[in-house]
Amino acid sequence: MMLHSALEQAVKEELIKKNPTNDCNPPKVVKKEMRVIKPEQIGAYLQAATNRNVLPMFYLELTSGLGRGELLALLWSDLDLDRNTISVSKSVLGRNGELKVSAPKTRNSIRTVVVPQQTVDLLIQEHDLHPDNPYMFPSPVTGTMYHPDAATRIHRKLLKEAGFQPMQASYKRVVLGDSDRIH
């Protein structure tokens, strides 16, 4: 598609007479089926997160619907304890070993998310572990934000420890309801 666009511009500028890609059919994008953590499986997943000391991060992901990059870019200043909300205004991407923080993919992705009290309680406990760090979920290795690939590796380990099938497709989060409490 990018080549087609470039060659269309060349036709407009009369550098070539015809776009040779006009008769080409781009390959169809095959969408993988989304795999969802079922409500009855959530307990095992959260227990695995507890065992690895990452429960607050993955519990917030489950209860908020935040994307992984949005979750990892959170600062403590994004949490409003009075309203039980989180302001989502940035996301982190990992490219070539470097982290890049930028605005989320779309304007609609900049939002305020209400989270359950139990999630806020877990976040407060997490904050007590590193009160001087501005990052909500600092990497234990660097003290700065997690690299998205590291968080994905942890997620896969949690799935494996919780007894899920090997990762042929990625599991997506589900939003926990009031009945899905951890004890």
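## Exercises on helix packing, a hairpin and a pocket

The buried residues of α2 pack against two helices, α3 and α6. The exercises below concern a predicted model.

### Exercise 1. The buried side of α2

Determine which residues of α2 are buried and how they are arranged around the helix axis.

**Solution.**
Step 1. List the buried residues: in α2 they are Ile42, Tyr45, Leu46, Ala48 and Ala49.
Step 2. Consider their directions from the axis. These residues span an arc of only 155 degrees, and therefore they lie on the same side of α2.
Step 3. Identify what this set meets: the buried residues of α2 pack against α3 and α6.
Step 4. Examine one member in detail. Leaving aside residues up to four places away in sequence, Tyr45 touches Ile37, Phe58, Glu61, Leu62, His155, Leu158, Leu159, Ala162 and Phe164.

### Exercise 2. The cover of α3

State how many residues of α3 are buried, and name the elements against which they pack.

**Solution.**
Step 1. Count the buried residues: α3 is mostly covered, with 10 of its 10 residues buried.
Step 2. Name them: Leu55, Pro56, Met57, Phe58, Tyr59, Leu60, Glu61, Leu62, Thr63 and Ser64.
Step 3. Find their partners: the buried residues of α3 pack against α2, α4, β3, β6 (111–114), α5 and α6.
Step 4. Look at the end of the helix: just after α3 comes Gly65, with a positive phi of about 80 degrees.

### Exercise 3. The largest nonpolar core

Describe the largest nonpolar core by its number of residues, its most connected members and the elements that build it.

**Solution.**
Step 1. Give the extent of this core: 39 residues belong to it, and Tyr45 and Leu60 have the most contacts inside it.
Step 2. List the elements that give two or more residues to this core: α2 (42–51), α3 (55–64), α4 (68–72), β3 (85–88), α5 (117–129) and α6 (148–161).
Step 3. Identify the leading contributor: α3 gives the most, namely 6 residues.
Step 4. Relate this to a general tendency: in soluble globular proteins, nonpolar side chains tend to be buried together.

### Exercise 4. Residues with positive phi

Decide whether Glu14 and Asn53 are buried or exposed, and locate each of them in the chain.

**Solution.**
Step 1. Take Glu14, which is not a glycine but has a positive phi of about 60 degrees. Glu14 belongs to the loop between α1 (2–12) and β1 (35–36).
Step 2. Apply the cut-off for exposed residues, over 50% relative accessible area. Glu14 has 72%, so Glu14 is exposed.
Step 3. Turn to Asn53, also a residue other than glycine, with a positive phi near 60 degrees. Asn53 is in the loop between α2 and α3.
Step 4. Apply the cut-off to Asn53: its relative accessibility is 66%, so Asn53 counts as exposed.

### Exercise 5. A hairpin

Establish in which sense β4 and β5 pair, and name residues that stand opposite each other.

**Solution.**
Step 1. Find the sense: β4 (residues 91–95) and β5 (residues 98–102) are antiparallel and pair over 5 bridges.
Step 2. Match residues across the strands: Leu93 has Lys100 of β5 as its bridge partner, and Arg95 stands opposite Glu98 in β5.
Step 3. Inspect the turn: 2 residues lie between the strands of this hairpin, and Asn96 takes a positive phi near 50 degrees.

### Exercise 6. The second largest pocket

Report the volume of the second largest pocket and the residues that line it.

**Solution.**
Step 1. State the volume: the second largest pocket holds about 330 Å³ of space.
Step 2. Name the residues closest to its centre: of the 17 lining residues, these are Ser139, Val141, Tyr146, Ala150 and Ile154.
Step 3. Assign the largest share of the lining: α6 supplies 5 residues.

Technical notes:
Residues numbered from 1 in each chain as written. Predicted model: local features only at pLDDT ≥ 70, side-chain atom pairs only at ≥ 80, totals over all residues. Heavy atoms only, no water. Pairing = 2+ DSSP bridges. Helix = DSSP H or I, 4+ residues; strand = E, 2+ residues; numbered from the N terminus. Core = buried A, V, L, I, M, F, W, Y, C linked by side-chain atoms within 4.5 Å. Buried < 20%, exposed > 50% of the residue type's maximum accessible area, 1.4 Å probe, protein only. Contact = heavy atoms within 4.5 Å. Arc of directions from axis to C-beta. 1 Å grid on protein atoms, 1.4 Å probe; cavity = no way out; pocket = protein on both sides within 12 Å on 5 of 7 lines; lining within 4 Å. Points joined across faces, edges and corners; volume = space filled by probe spheres on them.
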